[in-house]
Amino acid sequence: MKDIETEINALREQIRRHDTLYYVLDRPEISDREYDRLFARLKELEAKYPQLSTPDSPTQRVAGQPVSAFGQVKHRVPMLSLDNTYSGDEITAWADRIHKTLQDEKVAYILNPKIDGLSLSLIYENGLLTKAATRGDGETGEDVTSNARTIKSIPLKLQSKKGPGKFPKILEIRGEVYMTLKDFRKMNEALENTGQETFANPRNAAAGSLRQKDPRITAQRPLKFFAHSYADTGGGDPTFKRYTDFLDYCEEIGIPVAKPFEVEPTLERIIKRCEKWEAERDLWPYEIDGVVIRLNDLLQQKELGTTARSPRWAIAYKFHARQATTKIRNVEHSVGRTGVITPTAQLEPVECGGVTISSATLHNYEEVERLGVKIGDTVLIERAGDVIPKVLRVLTPKRTGDEKSIKVPTHCPACGGAVAKEENEVAVRCVNLNCPAQLERSLIHFASREAMDIEGLGEAVVAQLVQRGWVKDLADIFGLKKEDFLTLELFAEKKAENLLAAIEKAKHRPLERFLYGLGIRNVGEKAAALLAERLKSLDAVAAANEEELTRVPDVGPIVARSIREFFDHKRIKDTLRKLKEHGVRSLYEEPERIQSSEIDGKTIVFTGELKSLSRTEAEKLARLAGGKATGSVSQKTDFVVVGESPGSKATKAKELGVKILTEEAFLKLIKKVS
């Protein structure tokens, strides 16, 4: 029996260690299969020898039956809220009050990310987890001990890295239960696949998961925990002088803490750090909605004390809200260059994410049906990063009965022509290739910087040219004369001459930019560049069959079919003939060779807005240096190059531990050969 007890204790220690490595430190040392083998052996032994089972065993994380209601827990020390600030001036005013009270004492501030999760209090007695409670009203919370025990980043038994140690009789740790963005997306996808209701955001998911009546459901959710403060040590050791001492102690005993944390001595640096973290919020693996600023010295904290609802020694700098509630005034149906009709909600203006929002995309008419949205509805909108705001959901209790349904157009809102919805597509399209709205969008795209770069040929000019009937296809641009432009609004001699010069210069753009400018459905900058690189001429691209086209990297059957249908259309053939007659000669230019041992053989992803390069130019540089530019981040990705306002790719790279480069760092890795 002694041998069995020794094996059980050894298994528990191994499993606890691997739980910490995997769930807290993100540094697993064994495979999931090997972990499962250890866990199964422990369960087997505990089932065979129930007298050796203990409540702190890793096998006891999920136990018991569903509860009808949560019990109440009276907090030993109230769980206070933080006062909020929204600007550097408000941070300065708060700091001035602190200095006035502490007079000439030297102060140091510590900054933590404010994780958007659910507050939780953990009580350990002599190193064993005995109670877990939500914040509740600050005085009394809900007893969620059974559910908290299922969260693997919360140790059931404290262990010191310095070896077997003595723990306080009472240790109350407070922190945040949350989900990483990666885990949130994966969980929502699984819920959707099984026909269950999905969660709107990670915070709602964390709160809903922790408050499940059945702990077995909580155990299936990817919850994690970060400690951010403590309330009580039962009057015994350890004693902390600084907040950073507490964080160090948490790490020593296996409690995860919110990193990074920064100790800053000056207000100027604090404000800059807050602004930096807000600008980089999309790079974090989890949602943060602000920065917590507090005094590091615990004696100073005690001297400052608290108000009835918040500590005087800490404050939260809140980021601009990314969600807001507003009303849909109307819905516009706009036509894109490929004929797709898109419903866009016109909103009562509302501040969201630091800007005023007056419209939000509804994506397509299937999304309108899924949301059940109507004109006049009060809706919740979201603006993530710098993307177009979207409608998240309808606040149906606010309906008055005067709302109007959003109908799918039966005719094109621009030309009145027929519309169609192709099989296996959600898009509704105008099928009239002579539709003026399609022509306008096509011309604007053709003239864009990434395509033919015709400076001066913007929306206002294009609209006048189409309305007057002077331009009926892309080729007509090159037949315009100076006197034509002089009749347009706000045109004088110099402006007309500059535009004509830009049009003349566009006749000699590289093949890849010309192909992209044509606006072939499903062909973006990257596909256009690869087509030009492989097939070398416009005639070769126009003549290639679908099988030949699919031999080009990243060109699949759907893209190949789009290209073939585009060049087979009589109107396009006529346009290309006219372009040649006007002297448009887009040729493939053999690029300058690049040598870079750091890039050669590497897989690279670009995200965000680059300063000196377009996305296509950057990907082309990577290919010329021997690398492979892809559009998605995975474990096989070597580098993610991040520009301004990066999106979810940067977040995923951080989650997977992929190396992140700035644009400047990427360019330094590339060395041109003369």
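Guide: Before we start, a contact, or touch, means heavy atoms within 4.5 Å. This is a predicted model, so local features need pLDDT of at least 70 and side-chain atom pairs count only at pLDDT 80 or more, while totals for chains, interfaces and linings use all residues. Residues are numbered from 1 along each chain as its sequence is written, and side-chain values use heavy atoms, with hydrogens and water left out.

Visitor: Which residues does L158 touch?

Guide: L158 sits in the loop between α4 (145-148) and β7 (170-178); helices (H or I, at least four residues) and strands (E, at least two) are DSSP runs, numbered from the N terminus. Leaving aside residues up to four places away in sequence, L158 touches Y124, G127, F167, L171, I253 and I255.

Visitor: Is L158 buried or exposed?

Guide: Buried means under 20% relative accessible area, exposed over 50%, and partly exposed in between (1.4 Å probe, protein chains only). The relative accessible area of L158 is 3%, so this residue counts as buried.

Visitor: How far apart in space are L158 and R16?

Guide: In sequence, 142 residues separate L158 and R16. From C-alpha to C-alpha, the distance between L158 and R16 is 9.7 Å.

Visitor: What percentage of contacts between residues at least 6 apart in sequence join residues at least 24 apart?

Guide: For context, the protein has 674 residues, 47% of them buried, with 24 helices and 26 strands. Among contacts between residues at least 6 apart in sequence, the share joining residues at least 24 apart is 68%.

Visitor: What is the strand order in the open sheet of four strands?

Guide: Two strands pair if DSSP finds at least two bridges between them. In this sheet the pairing is parallel; β24 (residues 639-642) and β25, for instance, are joined by four bridges. β23 (628-630) and β25 (659-662) are the edge strands, each with a single partner, so one side of each has no neighbour in the sheet. The order of the open sheet is β23-β22-β24-β25.

Visitor: What is the average twist from one strand to the next?

Guide: Axes are lines fitted to C-alpha atoms, for helices over the stretch in contact, and angles run from 0 to 180 degrees between N-to-C directions. From one strand to the next, the average twist is 35°.

Visitor: Which helix packs on that sheet?

Guide: Look for a helix touching β22 (603-607) and β23, with a direction at about 165° to that of β22. Residues 615-624 form this helix, α22.
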